[in-house]
Amino acid sequence: RPVQLTINHPNGMKSFSALPVLFEIDQSVTYEARNYHHLIDCPIMISRPDTSTFTVNNSKVIIEAYHANGNTGYAKVIKDDIKPTMKAVANFTDILPVDEYHFILYIRDGKEFMETMRSNDIGIGTKINTFWWNKSLLRGGALEHGNSSFYVLPDFGDTTFTSNIKRIAIHEFMHIFTPLNLHSEHIGNFNYIQPKMSKHLWLYEGVTEYFANLILLQSGLISKREFFRERMRNKIVAAKRYPERKIPFTEMSRNVFQKKYGKYYSQVYQRGAIMGLLLDIEIIRLTNGQKTLKDVILELSSEYGATRSFNEQNFFDEFTALVHPDLRNWFADYVEGTVPLNLKEGLEPIGVLYSKKGSHEVPKRILKDYGTKTHLIPAGKYRKIKKVGSEDPIGLEIGDNINTEILDSLLYDNYGYPHEEGRKVEIRLKRNGITLSLPYNIEYKKRQYRHRLLI
């Protein structure tokens, strides 16, 4: 049954949602939902207006933000940061399956918390107490919906949340394909009283996480080095904690509400993404380059759409029929079964060489290998140096703010191969509010490695 919802809000505030507006008069707005499912699929935030919009291909993107410090202007900051990633999504899919999409953000104010934790004048007891009562500030998250996503993110005083939103938003937005336009009956006809989970989290979360990273690679927003040597490698390391010889991924997915299985839920973003990468390569191999994972997902999304569900039990067969009969064995082994992922053979067809462990001569890490330490809690892109190592050759000082995320890019090329020893690079940092560039000559050392990817 259709639902009409009228909200009367205080002066100076507005309601923000992807729900269709039936009419709006003064401080009253009336929304209309198709049914109960549509109603709860559209979160509503009531706050002071702070909005920004832009258009990507056929879709209007609307950003609606609230910052707990009471200030406005954050929506435009967010727009400037995520607009390139949204354009990358549009180029990846050609056309977006929604005419309008809302990013709704609640930003928590962690500036005072960060200042306390980093102060040299505040005792350890106060810091421990401050951390205990504010530890939730270190967490954030988001949920995807049909044509909106809702975020709760912390800001530690220098728009920290913009670093997170670019990473999270592209993943949440890509859910418009899976599961929002490609899902089984367990989701399409969800039982809110006695929830029944689908066994296809490998598709809904794993493939989505893989696509989110692939889009950044194909659009040039990250390099091959960052994609393979950092993002995928980190997921491989994390995926090794999953008991792949004991619990099939589909079994974990189907029973994820049980504690025994739920503790492995985060693996949908780790092992699940690696499964997406290997599945993509297998599809390319079996079709001699005629199809990719993206092609199959878009074909299935177009066939089913938001209102039609696929059969929970037959989906692997249906997916296989669009590619090659041998793909069914791949699903049986790695998704439904307990055969360990074959990273070496799986990555070879695209020229990526995987080695589980060994040793090699590589550049020294600019901070750690010289004994320099930073505060664990970052402030946006930057970490603050709390100790300068005795062997530091750069001239760093306590209190310097340095972007640790880009340090490896100074030592390796875009394919992940190390620059030659002795090469001079410039390390940019902030000192007392001033941006500096300090020279450093690359030095090598022998280091043990685990899970190395060579492109």
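Me: Is Glu 299 buried, exposed or partly exposed in this predicted model?
Reply: Let's work it out with two cut-offs: buried means under 20% relative accessible area, and exposed means over 50%. The relative accessibility of Glu 299 is 35%. That value falls in between, so Glu 299 counts as partly exposed.

Me: Which residue forms a salt bridge with Glu 299?
Reply: Look for a partner whose nitrogen comes 3.6 Å from an oxygen of Glu 299. This partner has 22% relative accessibility and counts as partly exposed. The residue is Lys 291.

Me: Which residues are joined into one network by salt bridges that share partners?
Reply: Good one to look for in the viewer! Here the salt bridges have partners in common, and that links four side chains into one network. Its members are Arg 365, Asp 369, Lys 445 and Arg 447.

Me: How many salt bridges does the structure hold?
Reply: Besides the ones above, Arg 225 and Glu 230 meet at 2.2 Å, N to O, and Arg 225 is buried, with a relative accessible area of 8%. Another joins Arg 231 to Glu 226, with the closest N and O atoms 3.3 Å apart. Over the whole structure, the number of salt bridges is 18.

Me: Which helix gives the largest share of the largest nonpolar core?
Reply: This core has 89 residues, and Phe 103, Trp 202 and Phe 319 have the most contacts inside it. Twelve of the core residues come from a single helix, spanning residues 201-218. That is helix 7.

Me: Which residues does Trp 202 touch, leaving aside its neighbours within four places in sequence?
Reply: Trp 202 also belongs to a cluster linked by ring pairs, including Phe 315, Phe 316, Phe 319 and Phe 331. Those four are in its contact list too. The full list is Val 207, Phe 249, Met 275, Leu 279, Phe 315, Phe 316, Phe 319, Phe 331 and Val 335.

Me: How many residues are in the second core?
Reply: This core is separate from the largest one, and among its members are Leu 367, Leu 396, Leu 411 and Tyr 440. Its residue count is 17.

Me: What is the angle between the ring planes of Phe 227 and Phe 228?
Reply: The structure holds 25 aromatic pairs. In this one the ring centres are 4.8 Å apart and the arrangement is edge-to-face, a label used for planes over 60 degrees apart. The angle here is 85°.

Me: How far apart in sequence are the parts tied together by Tyr 370 and Tyr 440?
Reply: These two rings form an edge-to-face pair, 6.0 Å centre to centre. Tyr 370 lies in the loop between strand 11 and strand 12, while Tyr 440 is in strand 16, so the pair ties together parts of the chain at a sequence separation of 70 residues.

Me: Which strands are the edge strands of the five-stranded sheet?
Reply: The sheet is open, with the order 12-13-14-15-16 and antiparallel pairing. An edge strand here pairs on one side only. The two edges are strand 12 and strand 16.

Me: Which residue in strand 14 is the bridge partner of Lys 384?
Reply: Strand 13 and strand 14 run antiparallel and are joined by two bridges. Strand 14 covers residues 401-402. The partner of Lys 384 is Asn 401.

Technical notes. Residues are numbered from 1 along each chain as its sequence is written. This is a predicted model: local features need pLDDT of at least 70, side-chain atom pairs count only at pLDDT 80 or more; totals for chains, interfaces and linings use all residues. Side-chain values use heavy atoms; hydrogens and water are left out. A nonpolar core is a set of buried Ala, Val, Leu, Ile, Met, Phe, Trp, Tyr and Cys residues joined through side-chain atoms within 4.5 Å. Buried means under 20% relative accessible area, exposed over 50%, partly exposed in between (1.4 Å probe, protein chains only). Helices (H or I, at least four residues) and strands (E, at least two) are DSSP runs, numbered from the N terminus. Contact means heavy atoms within 4.5 Å. Two strands pair if DSSP finds at least two bridges between them. Rings of Phe, Tyr and Trp (its six-membered ring) pair if their centres lie within 6.5 Å; planes under 30 degrees apart count as stacked, over 60 as edge-to-face and the rest as tilted.
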